[in-house]
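Work through the exercises below with the model at hand. Each task is followed by a solution in steps.

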Amino acid sequence: MRAKHNKKRNTAFVYEALIKEATYAILKNDEKRSHKVVNVIKKHFTADSFLKKDLECYRSLYENQGTDKETSEKILKESTISKRMIDPQGLFDEQTYMINDVNKTISPSVFSNFVPNYKTLATISKMFNTNSPKEKVILENRIIENMSNIIEEAENNYEIDDIVYSTFVEKFNNKYNDVLLSEQKALLTRYISSFTDNSLELRVFLNEEIGRLKLQLQQRGEPQEEEDDMIIHKTKQVVELLESYSTETDDQKVIMTVLKTQQLVKELYDNGSES
């Protein structure tokens with residue numbers, strides 16, 4: 001019998017859905033909602049929680065792309081062993097507590113958020129939970145192929161419900177019409193993830209991004225109009241302000257300023273290419 005996928009019991013899916021919720025709350029300057037989401041993440045994904053250990057088993061499989069087949073097989077083996085060492089009842093109880101907390105504190109709509117790699121997360125979940133040797137081998141092969149970039153993920157990845165996937169996309173598009181730049185997505189992802197990794201990755205990324213923004217502004221050249229001159233001057237002031245925060249604890253205000261600077265730099269370059 002094939003394992004049935006329950007997205008609310010898929011720790012990685014719930015985590016990514018919470019990240020998505022926090023991201024757009026931050027972008028919409030909804031501090032009340034963003035704080036609620038962040039507090040839920042902090043509360044349930046502590047370093048010693050079963051949820052955090054479970055999440056790491058998932059992340060080792062869906063965040064390690066471009067590895068060779070042998071390495072992918074070793075990572076899969078170690079992840080499977082680590083997954084087995086997690087107390088199933090303890091994990092179930094923590095998941096139940098988190099599900100109820102999300103429903104009451106934020107909204108049940110969080111579980112309808114579109115997560116781009118939903119199919120991959122569902123495949124990993126089914127691989128962890130199936131009792132069928134045949135199905136397990138098939139799912140393991142798909143995961144290894146995805147990790148080693150041998151083939152692109154199929155449209156019907158082992159009969160994961162495409163209707164459910166399409167529904168996620170539709171609800172996401174209806175709820176959020178903002179278009180994020182790739183660098184904004186990268187920054188926000190690291191910002192939300194920083195609540196469970198002591199901000200180490202975020203600080204590295206933020207320092208590099210500030211340097212990139214400054215360099216692009218310097219390469220922009222002399223402005224042609226007074227308005228452009230003012231925009232560039234203000235942007236440089238913003239970047240200098242961000243640089244002063246590079247060794248400080250990162251907060252939402254700093255992140256928002258970087259996001260606005262990223263958008264401004266893009267607009268400056270777009271306007272420059274059109275002239």
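The exercises cover salt bridges, one helix, the nonpolar cores and a few single residues.

The model is predicted, so local features need pLDDT of at least 70 and side-chain atom pairs count only at pLDDT 80 or more, while totals for chains, interfaces and linings use all residues. Residues are numbered from 1 along each chain as its sequence is written, and side-chain values use heavy atoms, with hydrogens and water left out.

**Exercise 1. Salt bridges**

Count the salt bridges, taking a side-chain nitrogen of Lys or Arg within 4 Å of a carboxyl oxygen of Asp or Glu as the criterion. Then describe the pair K83 and D54.

Step 1. The count under this criterion is nine salt bridges.

Step 2. Between the side chains of K83 and D54 the N to O distance is 2.4 Å. K83 belongs to helix 4 (residues 69-84) and D54 to helix 3 (residues 50-62), so this salt bridge ties together parts that are 29 residues apart in sequence. Helices here are DSSP runs of H or I with at least four residues, numbered from the N terminus.

Step 3. Classify the two partners by relative accessible area: buried is under 20%, exposed is over 50%, and partly exposed is in between, with a 1.4 Å probe and protein chains only. K83 is buried at 15%, and D54 is buried at 0%.

**Exercise 2. A network and a pair within one helix**

Which residues are linked with R59 in a network of salt bridges? Where do E70 and K74 lie?

Step 1. The network links R59 with E56 and E63. For R59 and E63, the closest N and O atoms are 3.1 Å apart.

Step 2. R59 is buried, with a relative accessible area of 12%, whereas E63 is partly exposed at 43%.

Step 3. Both E70 and K74 lie in helix 4, at a spacing of four residues, about one turn of the helix. Their salt bridge has its closest N and O atoms 3.6 Å apart, and both residues are exposed.

**Exercise 3. Helix 4**

Compare the span of helix 4 with the expected value, then assign its buried and exposed residues to sides.

Step 1. The expected span is 1.5 Å times one less than the number of residues. Helix 4 has 16 residues, for which 22 Å is expected; from first to last C-alpha it reaches 23 Å, close to that value.

Step 2. The buried residues of helix 4 are S72, I75, L76, S79, T80 and K83. Viewed down the helix axis, they fall within an arc of 135 degrees, so they line one face of helix 4. The arc is taken over the directions from the helix axis to the C-beta atoms.

Step 3. On the other side of helix 4, E70, K74, K77 and R84 are exposed.

Step 4. The buried residues pack against helix 3, helix 5 (88-106), helix 6 (118-129) and helix 7 (133-147). T80, with a relative accessible area of 8%, is in contact (heavy atoms within 4.5 Å) with M127, F128 and K136, leaving aside neighbours within four places in sequence.

Step 5. At the N-terminal end, D68 acts as a cap, with a side-chain oxygen 3.2 Å from the backbone nitrogen of E70.

**Exercise 4. Nonpolar cores**

How many residues has the largest nonpolar core, and which helix gives the most to it?

Step 1. A nonpolar core is a set of buried Ala, Val, Leu, Ile, Met, Phe, Trp, Tyr and Cys residues joined through side-chain atoms within 4.5 Å.

Step 2. The largest nonpolar core has 39 residues, and L18, F45 and L61 have the most contacts inside it. Helix 1 (11-27) gives the most, with eight residues.

Step 3. Leaving out residues up to four places away in sequence, L18 touches V37, V40, I41, F45, V102, I106 and V110.

Step 4. Another core of 17 residues lies apart from it, including I210, L213, L259 and V265.

**Exercise 5. R33**

Place R33 and find what joins its side chain to that of E21.

Step 1. R33 is in helix 2 and is partly exposed at 24% relative accessibility.

Step 2. R33 and E21 are 12 residues apart in sequence, with 8.7 Å between their C-alpha atoms.

Step 3. Their side chains are joined by a polar contact of 2.7 Å. A polar contact is a pair of N or O atoms within 3.5 Å; within protein, one must be able to donate a hydrogen and the other to accept it, and residues adjacent in sequence count only if both atoms are side-chain atoms.

Conventions: Helices (H or I, at least four residues) and strands (E, at least two) are DSSP runs, numbered from the N terminus.
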